[in-house]
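Work through the exercises below with the sequence and the structure at hand. Try each task before reading its solution.

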Amino acid sequence: HKDLLPVVRANNIQNKLVLKDLVYVPSNRISKEQFIKCGDIIIAMSSGSKNLVGKAVQADTDFCGGFGAFCGLYRTIDFIEPKYIGFFFLSQSYRQRISELSSGIHINNLRREHIESTEIPLAPVNEQKRLVYKLEELFTQLDAGVESLNKAKLLLKRYRQSVLKSAMEGKLTAEWRKRSEERRVGKECRSRWSPYH
């Protein structure tokens, strides 16, 4: 319906922003500032799972919709490279900070001041861009490595199934049975022609 717009919820925050199972609300419920822009970081501010609370993902394109009540949005300012901040929200130091906060308050909720008080180490903007370039290069290599490993796992799985099939069909021991039969026949022949019989 033209008067409804989608909103992103915590379950849409995965390795990337997954735009499935969206909830739609009247368009007048989403303010101009709430529309998700490319480079924005959407954060799960509340969740039944401590593993999900604080999880963040960066939008890689503009989205004609907003974010739900249990999410927050971090938008960078001009002199900061958005992807640099995006990588920070994937870092171990950020996850450690969230873990300390959630264990301290004993509930699975973050407040705006928790995110605002989180210190982000800022390099000069040119250095930020160089770091982003290098991280993207390394992650591309890692992704290629993971893909190769997944292909190897699939081949090993197929090989294992092939070995099991051959075993069940008796193919694995066919040569051994043939040699055993040849030895048995040989013994019978020697036994039959023995001078002692």
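**Exercise 1: The largest pocket**

The largest pocket has a volume of about 630 Å³. The model is a predicted one. Task: find which residues lie nearest the centre of the largest pocket, and which element gives the most to its lining.

Solution.
- Step 1. Start with the lining, which consists of 23 residues.
- Step 2. Look for the residues nearest the centre: they are Asn15, Gln58, Phe87, Leu90 and Phe139.
- Step 3. Turn to the elements. At least two lining residues come from each of β4, α1 (82–88) and α4 (125–168).
- Step 4. Helix α4 contributes the most, namely five residues.

**Exercise 2: Glutamine 58**

Task: state where glutamine 58 is placed, decide whether it is buried, partly exposed or exposed, and find which backbone oxygens lie close to polar atoms of its side chain, giving each distance.

Solution.
- Step 1. Glutamine 58 belongs to strand β4, and it is one of the residues nearest the centre of the largest pocket.
- Step 2. The relative accessibility of glutamine 58 is 23%. Buried would need a value under 20%, and exposed one over 50%. Glutamine 58 therefore counts as partly exposed.
- Step 3. Leave out residues up to four places away in sequence. Glutamine 58 then touches Gly39, Asp40, Ile41, Pro82, Lys83 and Gly86.
- Step 4. Two of these residues offer a backbone oxygen to a polar atom of the glutamine 58 side chain: that of glycine 39 at 2.9 Å, and that of proline 82 at 2.8 Å.
- Step 5. For a distance across the chain, take arginine 75, which is 17 residues from glutamine 58 in sequence. The C-alpha atoms of the two residues are 9.8 Å apart.

**Exercise 3: Buried or exposed**

Task: classify isoleucine 36, aspartate 21 and glutamate 119 as buried or exposed, and place each in the chain.

Solution.
- Step 1. Isoleucine 36 sits in the loop between β2 and β3. Its relative accessibility is 2%, so isoleucine 36 counts as buried.
- Step 2. Check what surrounds isoleucine 36. Beyond its neighbours within four places in sequence, its contacts are Val8, Ile42, Ala59, Asp62, Phe63, Gly65, Gly66, Phe67 and Leu73. One of them, phenylalanine 67, is 31 residues away along the chain, with 7.5 Å between the C-alpha atoms.
- Step 3. Aspartate 21 is found in the loop between β1 (4–8) and β2 (23–26). Its relative accessibility is 61%, so aspartate 21 counts as exposed. The backbone of aspartate 21 has a positive phi of about 50°, although the residue is not a glycine.
- Step 4. Glutamate 119 lies between α3 (112–116) and α4, in the loop. Its relative accessibility is 74%, so glutamate 119 counts as exposed. The C-alpha atom of glutamate 119 is 9.0 Å from that of tyrosine 94, a residue 25 places away along the chain.

**Exercise 4: Serine 46**

Task: find which side chain makes a polar contact with the side chain of serine 46.

Solution.
- Step 1. Locate serine 46 in the loop between β3 (41–44) and β4.
- Step 2. List what serine 46 touches, not counting residues up to four places away in sequence: Ala10, Val53, Phe70, Asn108 and Asn109.
- Step 3. The polar contact is with the side chain of asparagine 109, at 2.4 Å.

**Exercise 5: The whole chain**

Task: describe the order of helices and strands, and find which element has the lowest mean pLDDT.

Solution.
- Step 1. The protein has five helices and six strands. In sequence order the pattern is β-β-β-β-β-β-α-α-α-α-α.
- Step 2. The protein has 197 residues, and 30% of them count as buried. Its exposed area is about 14,500 Å², with 57% supplied by carbon and sulfur atoms.
- Step 3. Consider contacts between residues at least 6 apart in sequence: 66% of these join residues at least 24 apart.
- Step 4. The mean pLDDT of the protein is 83, and 89% of the residues reach 70 or more. By element, helix α5 (residues 174–192) has the lowest mean, 70, while strand β4 (residues 56–58) has the highest, 94.
- Step 5. Where pLDDT is low, predicted coordinates should not be read in detail.

Note on methods:
Residues are numbered from 1 along each chain as its sequence is written. This is a predicted model: local features need pLDDT of at least 70, side-chain atom pairs count only at pLDDT 80 or more; totals for chains, interfaces and linings use all residues. Side-chain values use heavy atoms; hydrogens and water are left out. pLDDT is the predictor's confidence in each residue, from 0 to 100. Helices (H or I, at least four residues) and strands (E, at least two) are DSSP runs, numbered from the N terminus. Buried means under 20% relative accessible area, exposed over 50%, partly exposed in between (1.4 Å probe, protein chains only). Contact means heavy atoms within 4.5 Å. Accessible areas come from the Shrake-Rupley method with a 1.4 Å probe; for residues, only the protein chains shown count as cover. A polar contact is a pair of N or O atoms within 3.5 Å; within protein, one must be able to donate a hydrogen and the other to accept it, and residues adjacent in sequence count only if both atoms are side-chain atoms. On a 1 Å grid over the protein atoms alone, a cavity is a set of points where a 1.4 Å probe fits but cannot get out, and a pocket is an open set with protein on both sides within 12 Å along at least five of seven lines; lining residues have an atom within 4 Å of a point. Grid points are joined across faces, edges and corners, and a volume is the space filled by probe spheres set on the points.
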